[in-house]
Amino acid sequence: MKRSKIHIVVALLFVPIIGVAQNTPPDYFVANCFNCHGTDGRGHSTIPPLAGLTKPYIIEQIAAFKAGTRPATVMHQLSKGYTDDEIARAAAYFAAQKK
Amino acid sequence: MKNETNNRRQFIQALTATASLSALSGTAFAANKKSIGRVVVIGGGFGGATAAKYLRMWSGGRIEVTLIERNKEFISCPASNEVLAGYRNFDTLRHGYDGLKKNWGVKIVHASVTAIDADKRRVKTDHGGEFAFDHVIVAPGIDFLYDQIAGYNEAAREKILHAWKAGPQTLALRKQLEAMPDGGVYALTIPKAPYRCPPGPYERACLIASYLKTNKPKSKVLVLDANDKIQSKQKLFQDVWEADYKDLIEYQPNWNAVSVDAAQNAVTNELGDTVKAAVLNVVPPHRAGDIAQSAGLINVNQRWCAVDWVTLESTAVKNVHVIGDALMPGPTMPKSGHMANQHGKAAAAAIVEMLSGRTPQPTLMANTCYSMVDENRGMHVASVHRYDAEKKAHQPVAGAGGLSVEPNKLEGIFAHAWANTIWKEMLT
Ligand SMILES: Cc1cc2nc3c(=O)[nH]c(=O)nc-3n(C[C@H](O)[C@H](O)[C@H](O)COP(=O)(O)OP(=O)(O)OC[C@H]3O[C@@H](n4cnc5c(N)ncnc54)[C@H](O)[C@@H]3O)c2cc1C
């Protein structure tokens, strides 16, 4: 009896940010960006990493890509596929990741 | 039975190994977590490897994942055209499966899946035993329809290569090109769409032309396309061919190869026209990989697998999900590694949701295919795909996506960065 309770407590400690214990599903679509920017935005290439950038910075860059005021090779085209709300959620996700 | 106990023991071992690493990777995998289900993934290419990793990541280690892949290592098709041109070392295409095991606790089995029993929920392999599952993800890529090209028998295949699956054929085709005399003809046949990697053949033509231009300038690249036009980045390829490879690349549309003659190194089309070449590169038409065929998953044009686009579950067999090149793609969705990665994530997300007792929601997908046009310059085509509830399929988002203005060096750098990143993304 006692032991199984401890087990449950231990299990709960290990629930990750994205995980099965939540009742609302996580924003899986954010993983669209991982192909180029690396898993969780922790890339190590000439495509800039996104992990740890601030949320306002990311939102601002995407707005500039969409408006054409920041020149880009591909981001101006991809960013137009996402709503402002989705961009805000993606920005929050990357801002919360360790560099 | 014996196998199952074995599986479980090995799984726990894998988990224990992962637990010690969790502090480093930042992912909390506890050895004593309760499993919420078992998933078997068949095929460790762009789709399957990605699905395996994300099932572990998004379930917080609560889904037991076995990845069954017949090859000991992953060899990338993307960037393999650069090997043909001598611009890249073949070894850079080779990547191991250790990262999936060590970082994510995926159980890796190197064997061929020979059967899927969807009722009993088990897969059988040639020498790795049997595996029980709650869900299975089938990601076998493609196999070739050699019988559609008369004379393309096993003996002919020693000499006439496709190099449309990266591996020994990539190296062998490179050798043929190196041995080709200056003034020789390299001919490439392209099957009717849909085929793996729409821009791939035209990229290959560019890169081989680039190699020949410097090394064997009297030679010729003959592109024999079964389709009525260039299938991807049409204007971009036409412009490069005109500007850089004018007398080198010759393009013939509506050229459907129906037979080969290995002794003559010749290929013949439907109309009876025959072309002889010093190096003959025949890419046969293809369909979903053999296991999809034998498991009864092929239900479109006797070639491809139809799925529910929310769960990527087969419309033919329940609890069986299909991803990657084996799929009948949605509109404007290419058969690409990038897309297969996105399918893998969508299937993983849906299965995590189902095994957590929630209803899976449709998720966005995006694609970008880079092509190199010479050693340094790259260009892309991009698209974003959103689920349309009425059409019950992903549709390209209007106004999003698009093409490069022109090939350039910056995009060449990003093309290489893309490859390095996605290899890590799927395997580590
Ligand atoms: C020349 C060329 C260039 C390309 N360039 C690009 C590019 O730049 N960008 C891009 O996005 N895409 C590119 N592609 C396309 C890309 O390679 C494919 O779309 C991608 O590999 C599809 O992924 P998949 O997981 O469906 O299949 P694959 O990656 O082929 O993986 C399938 C795996 O399943 C295994 N398998 C099959 N059957 C079994 C079985 N019964 N048991 C066990 N294992 C099995 C196979 O060994 C294989 O490893 C290119 C393709 C070619 C040919």
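Trainee: Thr50(B) is found in helix H2 of chain B. What makes a run of residues a helix or a strand here?

Mentor: Both are DSSP runs, numbered from the N terminus: a helix is H or I over at least four residues, a strand is E over at least two. Before we go on, this is a predicted model, where local features need pLDDT of at least 70 and side-chain atom pairs count only at pLDDT 80 or more, while totals for chains, interfaces and linings use all residues. Residues are numbered from 1 along each chain as its sequence is written, chains are lettered from A and ligands numbered from 1 in the order in which they are written, and side-chain values use heavy atoms, leaving out hydrogens and water.

Trainee: Why is Thr50(B) called buried?

Mentor: Buried means under 20% relative accessible area, exposed means over 50%, and partly exposed is in between (1.4 Å probe, protein chains only). Thr50(B) has 0%, so it counts as buried.

Trainee: And which residues is Thr50(B) in contact with, leaving aside its neighbours within four places in sequence?

Mentor: Contact means heavy atoms within 4.5 Å. On that rule Thr50(B) touches Gly45(B), Asn341(B), Lys345(B) and Met426(B).

Trainee: Arg62(B) lies in the loop between helix H2 (46-58) and strand S2 (63-68) of chain B. Is Arg62(B) buried or exposed?

Mentor: Buried, because its relative accessible area is 11%, and the cut-off is under 20%.

Trainee: What about Asp126(B), in the loop between S7 and S8 of chain B? Why is Asp126(B) called partly exposed?

Mentor: Its relative accessibility is 44%, which falls between the 20% and 50% limits, so partly exposed is the label. Asp126(B) also contacts Ala111(B), Ser112(B) and Thr114(B), leaving aside neighbours within four places in sequence. From Asp126(B) to Thr114(B) it's twelve residues in sequence and 6.1 Å in space, C-alpha to C-alpha.

Trainee: How do you know that S6(B) and strand S7 (residues 122-125) of chain B pair?

Mentor: Two strands pair if DSSP finds at least two bridges between them. S6(B) and S7(B) have four bridges, in the antiparallel sense. Ile116(B), for one, stands opposite Val123(B) in S7(B). In general, strands of a sheet pair through backbone hydrogen bonds, either parallel or antiparallel.

Trainee: What is the order of the three strands in that open sheet?

Mentor: S6-S7-S8 of chain B, with antiparallel pairing. Strand S6 (113-117) and strand S8 (130-132) are the edge strands, since each pairs on one side only.

Trainee: Over to chain A. How many helices and strands does chain A have?

Mentor: Five helices and zero strands, which reads α-α-α-α-α along the sequence. Buried residues make up 42% of its 99 residues.

Trainee: What makes the Glu86(A) and Arg386(B) meeting a salt bridge?

Mentor: The rule asks for a side-chain nitrogen of Lys or Arg within 4 Å of a carboxyl oxygen of Asp or Glu. Glu86(A) and Arg386(B) sit at 2.8 Å, N to O, so they qualify. The rule finds one salt bridge across the interface of chain A and chain B.

Trainee: How many residues of each chain are in contact there?

Mentor: 39 residues of chain A touch 49 residues of chain B. The two chains bury about 3400 Å² between them, 59% of it on carbon and sulfur atoms. Buried area is the accessible area (1.4 Å probe) that two parts lose on being put together, summed over both.
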